2 protein chains.
Amino acid sequence: MTLAETAYDALRRDIVRGVLAPGKPLRMAQLSERYGMGFSPLREALNRLQAERLVTSIALRGFSVAPLSMAEMWDTINTRVLIEQRALRLSIALGGDAWEAGIVSALHGLMLQSARTVDGSADEQKLLEDRHHGFHLALIAGCGSSWLLEFFQRLYVEAERYRYPMLQQRNVEHHRDIQAEHAALSQATLARDVDLACDLLAEHYLRTARFIEAQMTAAPQAQTA
Amino acid sequence: MTLAETAYDALRRDIVRGVLAPGKPLRMAQLSERYGMGFSPLREALNRLQAERLVTSIALRGFSVAPLSMAEMWDTINTRVLIEQRALRLSIALGGDAWEAGIVSALHGLMLQSARTVDGSADEQKLLEDRHHGFHLALIAGCGSSWLLEFFQRLYVEAERYRYPMLQQRNVEHHRDIQAEHAALSQATLARDVDLACDLLAEHYLRTARFIEAQMTAAPQAQTA
DNA sequence: GCAAGTCATATTTTCGAAAATAATGAAATT
DNA sequence: AATTTCATTATTTTCGAAAATATGACTTGC
């Protein structure tokens, strides 16, 4: 892997996890020290991240971490529902054995990791997050549209930025059985019940969005620091 | 404007217009000579373009112009219809006076330029293309979603790559009155007839897609050269 | 004849310094 | 006191060379 790719992965992770806070200016000298490389690979990574809207930049004044806002979060969630409902419909219409197997496998993996990650260490948390991502990707992997899959990835990452502070807290959302939602979604999809699956998917995301909004309204400093 | 931004604009234009043919390897030394700058700003531009899928890259083997294909074109058009129908619905629901005025103004400008560009020089062609872009943007500018607007831009540029070879030909699509389609679309939108406007929009794009497919099937070398 | 290794060349990637521009603050002016 | 001017410093942007890696031709052994 080249240094530019390393820089891209590291910056992306640090932005999503809020290690680099929203709005924070990213100075080349600091980044160079932090990630142990020269300016060139960092600038390449920052340009990619800018195209993905995880960082902003103004010519000759450098880069900053892209800010977060409630309005943006709702836009992200709404657009996500649009993209993923379409992708899910297409997958149900077109998906074959491999697609079905992928869902079963991803759900199984997610359930296992979810049971394992009770009081998550950072590593366990990361594994759970990867499995969660893998499951939602598996659902729509049969859609046959590279644009829908790309937009899914973009929106997933953006949503993760909002979700991350929430994941750090213990015992939150005890009123909600997220794995049951995943199982029901999986079941409706495999039964090829398009409308039910789309409804469950939308409700799944909207619940999370409402929860994030409540959390952020209660403790906004967690995001804007 | 920095050199990196100049490089980005120039590369993007040359890729969209097919001056740099799909699939063509982009060697740093060549680009440096062609655009009159060093490697650094070029690499930054290429990284941004890669994130936008206009170029592809393999580590240590450099960049290439992203290829085109019929399957990709249909994916682009279908996704475009999804995105723009949603954005149009939202605009009709939310748009105010400024949005309406923007449509009227953009349509007027498009009509004028369309009449002017009979046997287009390169400059006239570019102006017409900009007005066309401006009109379609104006229709959905009231949607209030930065994600939908970004995806619109991405898909518009990608579609332009397929459309460009067609624009170069004379007397094509004489069976079609494109400006009448734009006018009807504009009218339905301003009348806030959501379903009609969405239908007209989809039909507008699908006609273009079918035409491109016919052209490319007849003369595929224009694209793959 | 053909696969595997080896060297020379071409190309990408990265660095460190130089150039260009912005930000800061002190002195001068109104 | 407020504003402008100017030098100083901080920071981004760009270059040119060096390092790392891939490519292709050539040899060697089988």
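In this predicted model, a turn of 180° with a shift of 0.0 Å along the axis lays chain B on chain A with an RMSD of 0.0 Å. That is how copies on a two-fold axis are related. In general, a rotation about an axis and a shift along it relate two copies of a chain.

The next step is to look at where the two chains touch. On one side stand 23 residues of chain B, in contact with 22 residues of chain A. On the chain B side, H3, helix H4 (70-94) and helix H7 (146-168) of chain B are the elements that give two or more residues. H3(B) gives the most, with seven residues. By class, the chain B side that touches chain A has eight nonpolar, eight polar and seven charged residues. Of the interface residues of chain B, 96% are also interface residues in chain A, so the copies meet through the same surface.

The model also holds DNA. Which residues come nearest to DNA strand C? There are 20 residues around this strand, and the nearest are Thr2(A), Leu3(A), Gly38(A), Met28(B) and Gly62(B). Chain A supplies at least two residues to the surface near strand C from each of helix H1 (3-16) and helix H3 (39-51), and chain B does so from each of helix H2 (28-35) and helix H3 (39-51). The residues of this surface divide into 11 nonpolar, five polar and four charged.

DNA strand D can be read in the same order of steps. It is surrounded by 20 residues, of which Met28(A), Gly62(A), Thr2(B), Leu3(B) and Gly38(B) are the closest. Here helix H2 (28-35) and H3 come from chain A, while helix H1 (3-16) and H3 come from chain B, each with at least two residues of the surface near strand D. Sorted by class, the surface near DNA strand D has 11 nonpolar, five polar and four charged residues.

One helix of chain A shows how a helix can sit among others. Helix H8 (residues 178-190) of chain A has 13 residues. From its first C-alpha to its last it reaches 18 Å, close to the 18 Å expected at 1.5 Å a residue. Which residues of H8(A) are buried? They are His182(A), Leu185(A), Ser186(A), Ala188(A) and Thr189(A). Seen down the axis of H8(A), the buried residues fall within an arc of 165°, so they line one face of the helix. Among the elements that cover these buried residues are helix H4 (70-94), helix H5 (97-116), helix H6 (122-140) and helix H9 (194-218) of chain A.

The backbone has some details worth a look. As a rule, most residues other than glycine have a negative phi. Arg192(A), which follows H8(A), has a positive phi, near 55°. In chain B, phi of Arg192(B) is also positive, near 60°. Arg192(B) lies in the loop between helix H8 (178-190) and helix H9 (194-218) of chain B. Is Arg192(B) buried or partly exposed? It is partly exposed, because 13 other C-beta atoms lie within 10 Å, and a residue counts as buried only at 20 or more.

Arg53(A) has a positive phi as well, near 65°. Its place is the loop between H3 and strand S2 (55-58) of chain A. Arg53(A) counts as partly exposed because it has 16 C-beta neighbours inside 10 Å.

Notes. Residues are numbered from 1 along each chain as its sequence is written. Chains are lettered from A and ligands numbered from 1 in the order in which they are written. This is a predicted model: local features need pLDDT of at least 70, side-chain atom pairs count only at pLDDT 80 or more; totals for chains, interfaces and linings use all residues. A residue is near a molecule or strand if its C-beta atom, placed from the backbone, lies within 6 Å of it. Helices (H or I, at least four residues) and strands (E, at least two) are DSSP runs, numbered from the N terminus. Ala, Val, Leu, Ile, Met, Phe, Trp, Tyr, Cys and Pro count as nonpolar, Asp, Glu, Lys and Arg as charged, and the others, Gly among them, as polar. Copies are superposed by least squares on the C-alpha atoms of residues with pLDDT of at least 70 in both. Two residues are in contact if their C-beta atoms, placed from the backbone, lie within 7 Å. The expected span of a helix is 1.5 Å times one less than its number of residues. A residue is buried if 20 or more other C-beta atoms lie within 10 Å of its own, exposed if 12 or fewer, and partly exposed in between; C-beta atoms are placed from the backbone. The arc is that of the directions from the helix axis to the C-beta atoms.
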